[in-house]
Amino acid sequence: MPTLPDALRRVLASPKFAAALTLAILATAFGTHLLRSVVGWPGLIGILGGLIVLAVLSLLARRPIVEWHGLLPISIIVFVAWCALSGVWSGYVSETIIGVGYQITVGFLAIYVALVRDTFQVVRATGDVLRVLLALSIVLEVLAGLLLDLPIAFLGVSGNIDQLGPIQGVFGSRNVFGLITLIAAVTFYVELRARSIPRGLGIGSMWLAGICLVLTRSPVIVVVAICVTVAALALYRLRRAPVDGRRMLQLGLLSAALVAAGAAWLGRITIIDALNAGSEFEVRYSLWSEMWRLVELHPLEGWGWAGFWPQDVTPYGWIEFTTGRLHATGLNAYLDVYFQVGLIGFLAFLALVLLAFVRSWLLASNKRSLAYVWAPLILVTLLVTSAAESTILFEFGWLLLVICSVKAAQGLSWRNALPHKPHPDAP
């Protein structure tokens with residue numbers, strides 16, 4: 001960076017700048033609904049553009065001290081490349097370009113965070129951002145539901161807190177609020193157990209997350225919370241097992257997980273009735289049925305990547321007509337990927353999430369630092385939720401997936417065994 005003054009270069013390369021920019025990136029990713037409601041899409045795109053410029057300058061300034069070898073997991077490259085290639089056969093090329101551009105923008109910011117901050121620092125930054133957003137959500141719900149007794153329409157805050165929910169906070173829907181609250185609970189728990197924050201702040205944060213989780217009254221998140229709890233207990237047992245016995249214990253856990261998944265699938269109707277999610281499931285079922293019927297027309301390549309669904313093009317306009325509802329996503333990440341980029345894209349996405357999860361799980365099982373526990377629990381949260389939401393494909397879900405994938409690859413990748421030369425400017 002010869003054109004930059006040394007003083008500016010030092011600022012851009014400083015840990016404090018990286019920490020501040022990481023907070024800004026995470027706040028933007030988790031607060032996209034809030035930002036769109038306040039400044040609209042142009043404002044959000046402008047904020048993301050500014051973050052991209054700052055991240056590029058920071059990476060250039062830190063180039064001698066950043067480890068670039070084996071930076072990006074191949075699975076991410078393959079999936080994003082296939083999404084971009086789908087523009088060749090997409091019937092909505094401009095929407096595909098916009099969707100892929102948005103995907104790459106958020107993905108690049110995730111890579112920046114993963115490169116310049118270690119896992120503990122990512123956990124701390126995520127915790128700080130989510131504490132503010134959860135507290136803001138409760139404040140606005142109290143304002144709308146108790147003090148003004150009027151919904152805050154432009155934010156989507158219905159003000160149902162006087163009826164003990166459901167509440168949406170600043171996230172637009174109770175399911176997204178529940179998901180973010182569960183991510184916050186995992187983050188706060190890791191912070192508390194690792195003693196990286198004062199105990200009083202950690203306990204208060206857990207109470208805040210618990211209150212928000214209950215008030216969302218989301219049946220989807222109940223199932224996700226159970227799965228995350230089971231995964232946390234499994235990791236707790238694994239981390240304390242003798243090293244020689246961990247392999248057999250891992251196989252036993254895998255077998256139990258497969259059996260539990262099969263049993264849950266067979267008993268899905270009973271589970272839905274028990275959670276009182278019938279009407280919500282019926283909406284999803286009608287949508288999924290129509291998606292499955294349409295995907296058979298393009299089973300291998302899909303209809304073309306769009307990210308968030310455009311409403312004025314085929315087949316999304318037709319789905320809105322047949323289901324009688326406006327849908328921004330497929331409400332199921334796996335089917336959504338299959339629908340948009342076909343079987344090839346679905347297999348690429350499956351490879352991406354499975355590699356990220358397996359690597360992060362193995363690291364959490366074998367590394368002493370509690371920071372390694374965060375990534376697999378976050379991935380469990382996202383992957384289970386993906387059966388009822390497409391959040392993992394966009395914004396904060398995509399950001400967290402890429403961060404976890406890059407961090408897992410840094411710690412456990414076959415490319416680490418390849419010889420590489422240090423940067424000539426490295427100290």
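**View 1. Surroundings of C83 and C404.** In this predicted model, C83 is buried at a relative accessible area of 0%, where buried means under 20%, exposed over 50% and partly exposed in between, with a 1.4 Å probe and protein chains only. The sulfur of C83 lies 19 Å from the closest cysteine sulfur, that of C404, and C404 is likewise buried, at 1% relative accessibility. For the sulfur of C404 the closest cysteine sulfur is in C227, 17 Å away and too far for a bond. The search of the whole structure finds zero disulfides (a disulfide being a pair of cysteine sulfur atoms within 2.5 Å). Residues are numbered from 1 along each chain as its sequence is written, local features need pLDDT of at least 70, and side-chain atom pairs count only at pLDDT 80 or more, whereas totals for chains, interfaces and linings use all residues. Side-chain values use heavy atoms, with hydrogens and water left out.

**View 2. The salt bridge between R36 and E395.** The side chains of R36 and E395 meet at 2.5 Å, N to O, in a salt bridge (a side-chain nitrogen of Lys or Arg within 4 Å of a carboxyl oxygen of Asp or Glu). This pair links distant parts of the chain, 359 residues apart. R36 is partly exposed at 22% relative accessibility, while E395 is buried at 8%.

**View 3. The salt bridge between R284 and E389.** The closest N and O atoms of R284 and E389 are 2.6 Å apart. Both partners are buried, R284 with a relative accessible area of 7% and E389 with one of 11%.

Conventions:
Helix = DSSP H or I, 4+ residues; strand = E, 2+ residues; numbered from the N terminus.
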